[in-house]
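Visitor: I am new to this structure and would like a close look at a single part of it. Could you take me through the enclosed spaces, and then through what surrounds them?

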Amino acid sequence: MRTFRVFLILLVSSVGQAMAQVGQYRSDLAIGVNGGYALNKVTFNPTIKQSFHNGLTGGVTLRYTSERYYSILCALQAELNYAQLGWKELIETSGDTYERSITYVQLPLLARLAFGKEHRGVCGFIALGPQVGYMVGSKEKRGGEWSEATLSLRPNNITAQYDLPVQNKFEYGLAGGAGMEISTSVGHFVLEGRYFYALSDIFKNGKADAFSRSANGTITVKLSYLFDIKRTKR
């Protein structure tokens, strides 16, 4: 976690330093859509064993490129996304199954540094920044016997999560990723992998509450298509 914060500070600082230098001015604005797949787990304390919860994510993307400094393209990117998160328990003591699906509207704001061809070519990039979200839906899915006998077999008798509604609908954390972009005459095609680390919990975490930690951690793989609506003349 400390390393991730240091990396964020260094990335934002490098963007600021690049913009402060005399580079090649840009005022490029692109807009488009994105869509992909989200793999999510919730970090619980006490621990609950899980496999990845699988869901879809998608939304709109807005990107503003402000400068090219040597070979680095400096940009800010904002998105408004819908994401299906949650967790899927790995219950080994009985035939019970449990899955919680939690849907969010998310707003990431990312500093983006790209390296490579600006137009009609391929570039790689890294992106990092804060992300906030708001829960808009939640549902449970159960299978198996679900009796007092099978519940009593849960490791450390942890069952407080069942039927417990999401208590903190607002979420915030850090998002970062990397990918590649192909720029053509008809627009920009982007493939990206991203990780989101929530700094907030979905359940209350006081001394009298069941969990001291209950935070989302999401791996996302997505494709985006952007087209230019404003591009600096060169």
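Guide: What follows goes through the cavities, then a pocket, the salt bridges and a patch on the surface of this predicted model.

The count of cavities of 30 Å³ or more comes to three, and the largest of them holds about 170 Å³ of space. Its lining is made up of 16 residues, and those closest to the centre are Arg63, Thr65, Leu73, Glu118 and His188. If you would like to follow this lining along the chain, the elements that give two or more residues to it are strand S1 (24-45), strand S3 (53-69), strand S4 (72-89), strand S5 (97-116) and strand S7 (170-184). Sorted by class, the residues around the largest cavity divide into seven charged, five nonpolar and four polar.

The second largest cavity has a volume of about 130 Å³, and 15 residues line it, with Thr57, Gln106, Gln131, Arg194 and Thr220 closest to its centre. Two or more residues of this lining come from each of S4, S5, strand S8 (187-198) and strand S9 (213-230), and S4 gives the most, with four residues. By class, the lining of the second largest cavity has six nonpolar and six polar residues, together with three charged ones.

Arg194, named above among the residues closest to the centre of the second largest cavity, leads on to the salt bridges, of which the model has twelve. One of them joins the side chains of glutamate 79 and lysine 222, at 3.3 Å from N to O. Because glutamate 79 lies in strand S4 and lysine 222 in strand S9, this pair ties together parts that are 143 residues apart in sequence. Are these two partners buried or exposed? Glutamate 79 has a relative accessible area of 2%, and since buried means under 20%, glutamate 79 is buried. Lysine 222 counts as buried too, because its relative accessibility is 3%, which is also under 20%. The pair does not stand by itself, for salt bridges that share partners join Glu79, Glu192, Arg194 and Lys222 into one network.

From the cavities we can turn to the largest pocket, which has a volume of about 190 Å³. It is lined by 13 residues, and Ile48, Lys49, Leu90, Arg154 and Pro155 are the ones that lie nearest its centre. The lining of this pocket has six nonpolar, four charged and three polar residues.

Lysine 49, which is one of the residues nearest the centre of the largest pocket, also meets glutamate 92 in a salt bridge between their side chains, at 3.1 Å from N to O. Lysine 49 lies in the loop between S1 and strand S2 (50-51), while glutamate 92 lies in the loop between S4 and S5, so this pair ties together parts that are 43 residues apart in sequence. Lysine 49 has a relative accessible area of 47%, and because this value falls between 20% and 50%, lysine 49 is partly exposed. Glutamate 92, by contrast, counts as exposed, because its relative accessibility of 59% is over 50%.

A further salt bridge is formed by the side chains of aspartate 163 and arginine 142, at 2.7 Å from N to O. This pair links distant parts of the chain, with aspartate 163 in the loop between helix H2 (148-151) and S7, and arginine 142 in strand S6, 21 residues apart. Aspartate 163 counts as exposed, at 57% relative accessibility, whereas arginine 142 counts as partly exposed, at 36%.

Lastly, the surface carries a nonpolar patch formed by Val33, Val60, Leu80, Tyr82, Val105, Leu107, Val132, Tyr134, Val136, Phe170 and Tyr172, which together have about 970 Å² of accessible area. The elements that give two or more residues to this patch are S4, S5, strand S6 (121-143) and S7, and the largest share, three residues, comes from S6. Tyrosine 82, one of the members of the patch, is found in strand S4, and with a relative accessible area of 40% this tyrosine is partly exposed. Strand S4 therefore comes up at several points in this walk, since it holds glutamate 79 of the salt bridge with lysine 222, and it also gives four residues to the lining of the second largest cavity.

Conventions: Residues are numbered from 1 along each chain as its sequence is written. This is a predicted model: local features need pLDDT of at least 70, side-chain atom pairs count only at pLDDT 80 or more; totals for chains, interfaces and linings use all residues. Side-chain values use heavy atoms; hydrogens and water are left out. On a 1 Å grid over the protein atoms alone, a cavity is a set of points where a 1.4 Å probe fits but cannot get out, and a pocket is an open set with protein on both sides within 12 Å along at least five of seven lines; lining residues have an atom within 4 Å of a point. Grid points are joined across faces, edges and corners, and a volume is the space filled by probe spheres set on the points. Ala, Val, Leu, Ile, Met, Phe, Trp, Tyr, Cys and Pro count as nonpolar, Asp, Glu, Lys and Arg as charged, and the others, Gly among them, as polar. Patches are made of residues with over 30% relative accessible area and no salt bridge: like charges are joined within 9 Å, nonpolar side chains (Val, Leu, Ile, Met, Phe, Trp, Tyr) within 5 Å. Accessible areas come from the Shrake-Rupley method with a 1.4 Å probe; for residues, only the protein chains shown count as cover. A salt bridge is a side-chain nitrogen of Lys or Arg within 4 Å of a carboxyl oxygen of Asp or Glu. Buried means under 20% relative accessible area, exposed over 50%, partly exposed in between (1.4 Å probe, protein chains only).
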